[in-house]
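Here's a quick briefing to read alongside the model. Keep the viewer open and follow along as the topics come up.

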Amino acid sequence: LSDWHYGAVCDSQWNFYDTDIAQERVKELTQKVQRYVLDFGITDLTVEINGDMIEGLINLGSKVASEESAVEQVVHVSQLLTQCIMSLKSYVQSLKVVTTLGNHGRLTTSKKEQFDERENFEMLIPEFLRLSLHHDIPMITSQGLDFVKYNIGDKTICLSHGHHDKINSAIENMARVYKIVPDEIHLGHYHHMSDVNESNIHIVVNGSLKGVDDYGLKATRSITAPSQNLIIYNADRTLVEIIVD
């Protein structure tokens with residue numbers, strides 16, 4: 001899960017998005033994940049929460065085109081995440097949560113003025129989840145960073161929001177930090193799904209729940225449907241781009 005940008009408002013010929021639409025898309029996403037869990041016989045589920053879950057206030061456009069204050073966004077997206085996670089828990093034998101920080105949650109509009117990565121509204125999301133989720137759901141957090149490492153079975157996964165990492169530098173960056181070469185790297189931030197195989201190291205970019213917005217149209221002319229990734233580690237490794245349009 002990444003790039004929900006909860007609180008944002010988009011209204012164009014390609015996409016309409018507000019908090020009501022966000023809730024509808026999360027409901028659809030959850031139902032589709034439940035179906036895939038049953039269809040593939042998934043027993044163990046890791047829910048990655050990989051940043052930019054709120055729209056925040058990092059630029060003037062975000063401030064103008066937001067339905068809620070940043071604090072309200074954190075509260076309401078945490079409630080939405082809790083509902084999503086708890087509705088999946090009964091479908092699997094084990095479930096854990098892994099979280100990082102995005103860039104939209106920072107407290108200042110200028111990244112140059114950000115003294116510490118932890119000065120970020122999204123630091124509150126795992127704290128809300130700890131209070132809301134069952135005590136038997138383990139949680140791994142990035143401890144105030146935009147990246148974290150964890151394991152799925154014998155696979156080492158590096159999770160990074162992506163505003164400090166690019167597809168062509170992510171392997172080198174994670175190997176430099178952790179002194180190992182990961183099996184996979186999962187990124188957000190770029191709002192379009194991709195799965196790149198570099199010497200059997202997969203660099204996977206997640207889609208966005210928000211979908212196409214004015215920034216994407218102006219900067220990249222990119223029109224992509226809202227989506228989120230589900231990666232199934234079976235004999236063949238299956239990546240599902242779940243469209244929630």
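What follows is a short tour of the sheets, the cores, one helix and the salt bridges.

This is a predicted model, so treat everything below as computed from its coordinates. Two open sheets get most of the attention: one has three strands in the order 3-4-5, and the other has five in the order 6-7-8-10-9. The largest nonpolar core has 42 residues, and the salt bridge count comes to seven.

**The three-stranded sheet**

- Strands 3, 4 and 5 pair in parallel, in the order 3-4-5, and the sheet is open.
- Strand 3 and strand 5 are the edges; each has a single partner strand, so one side of each has no neighbour in the sheet.
- From one strand to its neighbour the turn averages 15 degrees, direction ignored.
- Six bridges hold the parallel pairing of strand 3 with strand 4, and if you want a spot to check the register, Asp44 sits opposite Ser94 in strand 4.
- Helix 4 packs on this sheet, touching strand 3, strand 4 and strand 5, and its direction makes about 165 degrees with that of strand 5.

**Helix 4 up close**

- Which residues of helix 4 are buried? They are Ile125, Pro126 and Leu129.
- Looking down the axis of helix 4, those buried residues fall within an arc of 95 degrees, so they line one face of the helix.
- The buried residues of helix 4 pack against strand 3, helix 3, strand 4 and strand 5 (139-141).
- Helix 4 also carries a salt bridge, between the side chains of Glu127 and Arg130, at 2.7 Å from N to O.
- Glu127 and Arg130 are three residues apart in helix 4 (residues 124-132), which puts about one helical turn between them.
- Both partners are partly exposed: Glu127 has 42% relative accessibility, and Arg130 has a relative accessible area of 41%.

**The nonpolar cores**

- In the 42-residue core, the residues with the most contacts inside it are Trp4, Leu95 and Val97.
- Contributors of at least two residues each to this core are helix 1 (19-40), strand 3 (44-49), helix 3 (70-89), strand 4 (94-99), helix 4, strand 11 and strand 12.
- Which element gives the most to this core? Helix 3 does, with eight residues.
- Leu95 is a handy one to click on: setting aside its neighbours within four places in sequence, Leu95 is in contact with Leu45, Val47, Ile85, Leu88, Lys89, Ile137 and Pro138.
- Another core lies apart from the 42-residue one; it has eight residues, among them Phe147, Cys158, Leu187 and Val205.

**The five-stranded sheet**

- This open sheet runs 6-7-8-10-9, with mixed pairing.
- Strand 6 (147-152) and strand 9 are the edge strands, each pairing on one side only.
- The average twist from one strand to the next is 20 degrees.
- Strand 9 and strand 10 (residues 201-205) pair antiparallel over five bridges, and the bridge partner of Glu198 in strand 10 is Ile201.
- Helix 5 (residues 170-178) lies across strand 6, strand 7 (155-160), strand 8, strand 9 and strand 10, at about 85 degrees to strand 6.

**The salt-bridge network at Arg237**

- As a general reminder, side chains of opposite charge can pair when their charged atoms come close.
- Glu184, Asp195 and Arg237 are linked in a network of salt bridges.
- Take Arg237 and Glu184: their closest N and O atoms are 2.7 Å apart.
- Arg237 lies in the loop between strand 11 (227-232) and strand 12 (238-243) while Glu184 is in strand 8 (residues 184-187), so this pair ties together parts that are 53 residues apart in sequence.
- Are these two buried or exposed? Arg237 and Glu184 are both buried.
- Arg237 also meets Asp195 in a salt bridge, at 3.0 Å from N to O.
- Here Asp195 comes from strand 9 (residues 194-198) and Arg237 from the loop between strand 11 and strand 12, so the pair ties together parts that are 42 residues apart in sequence.
- Asp195 counts as partly exposed, at 32% relative accessibility.

Methods
Residues numbered from 1 in each chain as written. Predicted model: local features only at pLDDT ≥ 70, side-chain atom pairs only at ≥ 80, totals over all residues. Heavy atoms only, no water. Salt bridge = Lys/Arg side-chain N within 4 Å of Asp/Glu carboxyl O. Helix = DSSP H or I, 4+ residues; strand = E, 2+ residues; numbered from the N terminus. Buried < 20%, exposed > 50% of the residue type's maximum accessible area, 1.4 Å probe, protein only. Core = buried A, V, L, I, M, F, W, Y, C linked by side-chain atoms within 4.5 Å. Contact = heavy atoms within 4.5 Å. Arc of directions from axis to C-beta. Pairing = 2+ DSSP bridges. Axes fitted to C-alpha atoms, helices over the stretch in contact; angles between N-to-C directions.
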